[in-house]
Every structure is written in structure tokens, then in C-alpha cells.
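This report goes through one protein model by element and by residue. Please keep the sequence and the structure open while reading.

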Amino acid sequence: MEELRNGCLQNFLKPPEPGIHPNAPMDEEMTQAADAFVDELLSLGVIGKTGEGWKFLTSCPLFVVPKEGQEGQWRLIADMLWGGQNA
């Protein structure tokens, strides 16, 4: 019963190829939006720097698209398929 309460590993993704995957080309405004979003994730503790004893495995490419109907607002997309995480 404890396993059900805590959840079970699904392991439905194959491990991604190690390496750095470049982001899509971005202009200055897009880059600022991406920087702000990543800074927010860092401040919330959702992402962080690699800790002592941890090894960096792979990155996820990012791209930015305008939010429909919201002038000057951007949506940041993490392309997990291109990064190999959802292959």
C-alpha cells in the first residue's frame, strides 16, 4: 500500500543522449523573456545549478513564441523532444 501512496516509477522515456542542445535563435526581446523566465524558475527552486557530486547530463533547448492576443508577452517552450528527453 505504501508504494501506491508514494507513487510508482513509470520509466516510459528512454534516457537522452548527453550534451548541450542549443536553443532556437532569439532576438533581444525574446532573450530577455527567456532570461526572466529562467530567473523565476531559479528563484522558485524549480531548477538550480548542479550541486557538488552531481553530474550534468543534458540540456533542453528553449524557444520563445508570442502569446496570442497579449502584445509584448512571450511563452517559453522547452523542446523536450529535440533535447532527446521524449524521444
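## What covers helix α2

The cover over the buried residues of α2 includes strands β1 (62–66) and β2 (74–78). The model is a predicted one. The buried residues of the helix are Met30, Ala34 and Leu41. Seen down the axis of α2, these residues fall within an arc of 30°, so they line one face of the helix. An α-helix has 3.6 residues a turn, so residues three or four places apart point the same way.

On the face of α2 turned away from this buried side are the exposed residues Glu28 and Ser43.

## Length and ends of α2

Helix α2 runs over residues 28–44, which makes 17 residues. From its first C-alpha to its last it reaches 24 Å, close to the 24 Å expected at 1.5 Å a residue.

The N-terminal end of α2 is capped by Asp27, which places a side-chain oxygen 3.2 Å from the backbone nitrogen of Glu29. Past the other end, Gly45 comes just after the helix and takes a positive phi of about 80°.

## The nonpolar core

The largest nonpolar core has 5 residues in all: Met30, Ala34, Leu62, Val64 and Leu76. Two elements, α2 and β1, give two or more residues to this core.

Leu62, one of the core residues, has contacts with residues that lie elsewhere in the sequence. With neighbours within four places left aside, Leu62 is in contact with Asn23, Ala24, Met26, Val38, Leu76, Ile77 and Ala78. Of these partners, Leu76 is also part of the largest nonpolar core.

## Partly exposed residues of α2

Phe37 lies in helix α2. Its relative accessibility is 34%; residues count as buried under 20% and as exposed over 50%, so Phe37 counts as partly exposed. The C-alpha atom of Phe37 is separated by 7.5 Å from that of Leu76, although the two residues are 39 apart along the chain.

Gln32 is also placed in helix α2. With 47% relative accessibility, Gln32 counts as partly exposed. Along the sequence Gln32 and Trp74 are 42 residues apart, while in space their C-alpha atoms are 9.9 Å apart.

## A buried serine in the loop

Ser59 sits in the loop between α2 and β1. Its relative accessible area is 16%, and residues under 20% are buried, so Ser59 is buried. The side chain of Ser59 reaches the backbone nitrogen of His21 at 2.7 Å.

## The protein as a whole

The protein has 2 helices and 2 strands. Their order along the sequence follows the pattern α-α-β-β. Of the contacts in the protein with a separation of 6 or more, 57% are accounted for by residues 24 or more positions apart.

Of the 87 residues in the protein, 15% are buried. The exposed surface comes to about 7400 Å², and carbon and sulfur atoms supply 57% of it.

Terms used: Residues numbered from 1 in each chain as written. Predicted model: local features only at pLDDT ≥ 70, side-chain atom pairs only at ≥ 80, totals over all residues. Heavy atoms only, no water. Helix = DSSP H or I, 4+ residues; strand = E, 2+ residues; numbered from the N terminus. Expected span 1.5 Å × (residues − 1). Buried < 20%, exposed > 50% of the residue type's maximum accessible area, 1.4 Å probe, protein only. Arc of directions from axis to C-beta. Contact = heavy atoms within 4.5 Å. Polar contact = N/O pair within 3.5 Å; in protein donor to acceptor, adjacent residues only side chain to side chain. Core = buried A, V, L, I, M, F, W, Y, C linked by side-chain atoms within 4.5 Å. Areas by Shrake-Rupley, 256 points an atom, 1.4 Å probe, with all protein chains shown as cover.
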